[in-house]
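Here is a structure to be read step by step. The text below goes from one annotated span to a sheet, then to a pair of helices, and ends where two chains meet.

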Amino acid sequence: MVGYVESITDPSYHGQILVQTYPLIGNYGVNPEDFESGRPWIKGYVVSEFTHRPSHHTSRKSVERWLEENRIPGLYGIDTRALVKRLRHYGVIPGLLVVSEKPLRLNPLIKEARTLPDPNAGNLVAEVSSPDIHIYNPEGRKKLVLIDCGVKRGIIRALVARGASVVRVPENFPPEKILAFNPQGLVISNGPGDPQQCRAVTTVQALLKENLPVLGICLGHQILALAAGARTYKLKFGHRSQNQPCLEEGTRRCYLTSQNHGYAVDTRTLPPEWSVWYTNANDGTNEGMRHKKKPVFSVQFHPEASPGPTDTEFIFDLFLEQLG
Amino acid sequence: MKKRLRKVLLLGSGAIKIGEAGEFDYSGSQAIKALKEEGLEVVLVNPNIATIQTSEFLAERVYFLPVTPYFVGKIIEKEKPEAMMISFGGQTALNCGLAMWKQGLLEKHKVEVLGTPLQSVEITEDRGLFNRALAEAGLKTPHGIAVSSIEEGLRAAEKIGLPVMLRAAFALGGKGSSLCYKKDELEEKLRIALSESSQVLVEEYLEGWKEIEYEIIRDEVDNCLAICNMENIDPMGIHTGESIVVAPSQTLTNTEYHRLREIAFRAVRQLKIIGECNIQYALNPKNGDYRIIEINARLSRSSALASKATGYPLAFMAAKLMLGYTLPDLKNTVTRATTACFEPALDYVTVKIPRWDLKKFARVSRKIGSEMKSVGEVMAIGRSFEEALQKALRMLQVGMYGFVGNENYSFKNLEKELAHPTDERIFGIAEAFKKGWSVEKVAHLTKIDPWFLHRMRGLVEMEKQLRSLSLSSLPAELLLEAKRKGFSDKQIAIFTGATEQEVREKRKKLKIQPAVKQIDTLAAEYPAKTNYLYLTYCGSEDDVRFRPSKKKIMVLGSGPYSIGSSVEFDWCAVNTVLSLRQLGYKTIMVNYNPETVSTDYDMCDRLYFDELSLERVLDIYEKEKPAGVIISMGGQVPNNLALKLHLAGVRVLGTSPESIDRAEDRHKFSKLLDELSIDQPPWKEVTSLEEARKFCAEVGYPVIIRPSYVLSGAAMSLVFEESYLEQYLKRASLVSPEHPVVISKFIVGAKEIELEAVASRGKVVASAIIEHIENAGVHSGDATMVVPPQKLYLETIRRARLIGEKIARALKITGPFNLQLLARDNELKVIECNLRASRSLPFVSKVSRIPFIELAVRAMLGLPVSNSRSVFELNYVGVKAPQFSFSRLKGADPRLGVEMASTGEVACLGDDAHEALLKAMMAAGYRLPEKSILLSLGGEENKQKFIAAARDLARTGLTIYATEGTSKFLKRHGIESIRLFKIHQPRQPNLKNFLMEKKIAFLISIPHTGKRIEFDSDYRMRRLAIDLGIPVITNLQLAEAFVSALRAKKIGDLKVKSWSEYE
């Protein structure tokens, strides 16, 4: 119901047409401070209704104008609930946004949609990862390297807010160069697509030997799992909402989390030195794992929130405590 | 479940009053269901007999007794429950529980209060403690100073700077709170606030800040959820109960939303809330700064609204959490597959609008502000804001077609209306845009966020566009857009100069139809099995399938609570659904009042939370194709649809709509009575003042005037003299050929009785007679009622039944009906007949145990009906007493008249009428006088009639104070009293001081009969008593009955017996 700016600028949505379930979008306009990256990443936007006249002291422009400026097509005025029900039934499906003066013939379009390349087949991460190195908060007390697989600014903000200095490196950055920064810890970011396509898996595999504290988030969690020897699979119904309940193993605690992922870690394939940390309370899928001896852990959800509930921000505190 | 319990005592909220309405029937019922599911024995105390929660099928045992420490203590002694729940019965239950805790009663009886610790409850109720506790957690509350005297208050206001807000602690619905701009009004306002509560908070005034609410639940292992957030369209300064509210919030960013959510969690953790609570914020629209305004550590009106807005059963879950469950232990009751530990995602907008009835109270200001005055509310669901807003405005049932297209209002000073709102401001906004005012100007005056105003202005634009077209030239796209913005067929008809029927036909031809959508708590992310539905035009497909069936019945609910239509009609509607289900029928409920049990989706097979309009009911009927519609169980709102539905081809079950029309139309009904040789007061329908004058001269004053197009006592008036007749008819330009007025002779000194009955094909199959304590002239909704009758001749009863049989036969009644009669000696005159369930049906059903609803349902389905029970065989007496909310309505005169003024009612049982009356009056908030009573009897006649009662009173040992005339009169008859001067007399001893110093515990003030405008000083006396919380009786017969009961019984004589113990 809130958080459209954050979602639109989330690199994990790269290449996708985003459908909003909440019918009124754009109410508080667009504030660049809410951006999760430098630009919108979605391919198309589908809503029930746009607000032409947003109202908020931080608003700089309307969503409509913003998308137009970024040449992102949108569709409004349709029954988005009906569309979401189909997505729920079939899972993520290829879609076309077509503009036409004349009435459209459906069959050829359906055929065309079917021939669309699977966005997950390509290396999406390579497309969203920043090619350059950037150091945030160089004065920070603790130095971290963050592998950018399409990182949300929220993650960097959360780390910096806790006094860390964050060295952001591209997804294909080699392990020895990472170690050359002398980091006290490693963070693997979120990102789009299938983790098995990620080159960072081998990087992480190498770094795991170094006894560095590691935090994986979302795609970073899946990359860490693959590096540790576990397997991942495609979910029939991805988690794409801000109200995903996650149970903390061995406790009676349950946290509300923000999520956006289509792949998951197969709990049954976790190597013995790893334990399940969090589990989705609705469908029982894996939401986090922890090394039994080393300060290495990861979560499927977004502890940095933005958008969504801030219940699990303590994950960052836990991680930074490991850095000594 | 962690806790090992066997028996739990649940406190109800008592009568419906302003600030405490039907929502607590809903939350209490849910709690009982949650406890029963665990195999617990539930004992309920609630004198509100018309509630669902006091039904036989819910709690194990029900006590119709006052929710006060005394009676609850007695019940605990008797029942010995291990635990008690005080958070499902509003402020009444909470205050009762807190008081018992402080008196050490809970410790004494070893009763544990489940849920939030009482220490925390106390903190939330004490402004000083509250501010301190939150400050400890680093959270912001308004800068304020708690004071307990006027001097302290004045100093505090100086320190904070005017304007300031005054809030009384321990009060419901903002009672005793006010906004103060000027120094000279400060002292008076402080005095009033301090009379409500020993502690008052003087606070900074956050003008123009947004008002935001969150509903939070927390379990004992610290899992927290924000189930719903809501935004008040009317910003700070207007009580949330008086505000138009939208859920979810519309103008908050992700950052703001989640920051406030996080703060809420910090606050509830600090306070160790377990179960549910509501947190209210002020949010600065210019910089995002916030203040926590208050936390209600209990289920509230907002929580009921949030449950209905999200589909998340807050009360049910709260009860489970209080038993020691954690959130992940529980299932989402809507999906039945996912966990209850989640926050609902909404894919629709809801708008709540309060329903006021301020026109019913003489001398009451129509301004709305920091105190609650509304008596009910409606909630509308749509997929656009405009759709929900316009639906909601129609749902109010105040004659509005939506946001635009209305005629029945006018504003003398529009700017003032916008800046200092009354209950009609929303229409003032429409008016302003019609005049071409800018959004900026309206935003400046109202402080309403421009987001909402832009959308409202869009509706005015749409009206303009529609007005420029005829129906035939209206393009399909524009028609669809109008429907998506919530325009009704009727509105479109008005704008395009067509009829509603023509618009409907055109729309159907163009296949512009609403879609049925589910409220599924997860915005379609998971498949949901929910039957909770609404209709929208922003949708292209239905979420559910429809199967026409002969075993499927649609039941129309009551619409909003208002004066005259309250929880009793919800009871009737719910019991109708239950009876139908027992008989194997599928049920469809249509209603939109978020405070009801009928809108709980687990009561029926399908719940349509939508309008009770001809258009919408037809939409649903055409989709569902049920075997028929029951319109006689939801009060006047569905009843008014009878004929229209019938003419549109709908099968209306029960009495034929033509017959209903014959009973509703005064003219037709009076003619029918003449035909049947049934006596009635002389009456005439007049179309001009001249005619009215002539008729009144003929029959003699007083007369009752009622505009014929308004029913059920609305805008009725008792007229004692010709000058007032003119004034009355002219003022409201009430009389015209299009709007005839019915005038009937008012019979003085007659008893009023009612017949509640069910008939099947014209034959009465069950009936009960109710006796009013007050003589005719007091609206039946305000009357104190006794069952079985105590002071009626057998012949009167026989004749009343005969009349009932005659009318039932003549109108071929099938279903419930109610007859109101005047009785003098054995002569009976009929004054009103309703061919629907009446307000007193739950009372009569529960006292007599005659299953009126079930019988009526069977009759309507054409099944055989029989009943062998009769009220005359009861070994006990039931008394129903009205609950007034005069203390909430500043300036209202508490005297009774032909206009209904009570907001709710209670009923208690006793071994005799005295016992039942005292219990009922105590349950309605009358504290029995222990030391003193003040008598003021207006006019010679009242004085004469009261002599016997005065003697009784003298024998009770109470000190009698009396006003000058009354005192003299009493002395003449050898009754001692202490004379007090009236307020306008500058002499001592003056009753003003005695009242203010609480030397007087009870006031009997009988206005001079036959005097239209009474002495102002008598009004001031009554008003002062009300403002000081001193009980007032203004009716002679009630005063007599009360004194006689007071003489017969002491509080210790009042037996603590459950409903089932009366046989």
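In residues 1-98 of chain A, the C-alpha atoms at the two ends lie 27 Å apart. Helix makes up 23% of this span and strand 12%. The model is a predicted one. For residues 1-98 of chain A, an unreviewed UniProt entry lists "domain: Carbamoyl-phosphate synthase small subunit N-terminal".

Next comes a sheet in chain A. It is open, has 10 strands and shows mixed pairing. Read across, the strands of chain A come in the order β6-β8-β7-β9-β10-β15-β14-β13-β11-β12. The edges are held by β6 (134-136) and β12 of chain A; each has a single partner strand, so one side of each is left without a neighbour in the sheet. From one strand to the next, the twist averages 25°.

One pairing within this chain can be followed residue by residue. Strand β14 (residues 286-291) of chain A and strand β15 (residues 296-299) of chain A run antiparallel and are joined by three bridges. Opposite A:Gly288 stands A:Val299, which belongs to β15(A).

A helix also packs on the sheet: α10 (residues 314-322) of chain A. The strands that α10 touches are β7 (142-148), β8 (164-170), β9 (185-188), β10 (214-217) and β15 of chain A. The direction of α10 makes about 150° with that of β9(A).

Now turn to chain B, where two helices pack against each other. Helix α3 (residues 90-102) of chain B meets helix α5 (residues 118-125) of chain B at an angle of about 120°, and their axes are 11 Å apart. Angles over 145 degrees count as roughly antiparallel and those from 65 to 115 as roughly perpendicular, so with about 120° α3(B) is oblique to α5(B). The crossing of α3(B) past α5(B) is left-handed. On the α3(B) side the contact is made by B:Leu94, B:Leu98 and B:Trp101, and on the α5(B) side by B:Leu118, B:Val121, B:Glu122 and B:Glu125. Sorted by class, the residues of this contact are five nonpolar, no polar and two charged.

Finally, how many residues of each chain take part where chain A and chain B touch? On chain A there are 40 residues in contact, and on chain B there are 45. On the chain A side, the elements that give two or more residues are α3 (80-90), β11 (232-248) and β12 (254-265) of chain A. The largest share, five residues, comes from α3(A). By class, this side of chain A has 16 nonpolar, 14 polar and 10 charged residues.

Technical notes:
Residues numbered from 1 in each chain as written. Chains lettered and ligands numbered in written order. Predicted model: local features only at pLDDT ≥ 70, side-chain atom pairs only at ≥ 80, totals over all residues. Contact = placed C-beta atoms within 7 Å. Helix = DSSP H or I, 4+ residues; strand = E, 2+ residues; numbered from the N terminus. Nonpolar A, V, L, I, M, F, W, Y, C, P; charged D, E, K, R; others polar. UniProt positions renumbered as here; feature names shortened; annotations may be inferred. Axes fitted to C-alpha atoms, helices over the stretch in contact; angles between N-to-C directions. Parallel < 35°, antiparallel > 145°, perpendicular 65-115°, else oblique. Left-handed = near helix turned anticlockwise from the far one by under 90°. Pairing = 2+ DSSP bridges.
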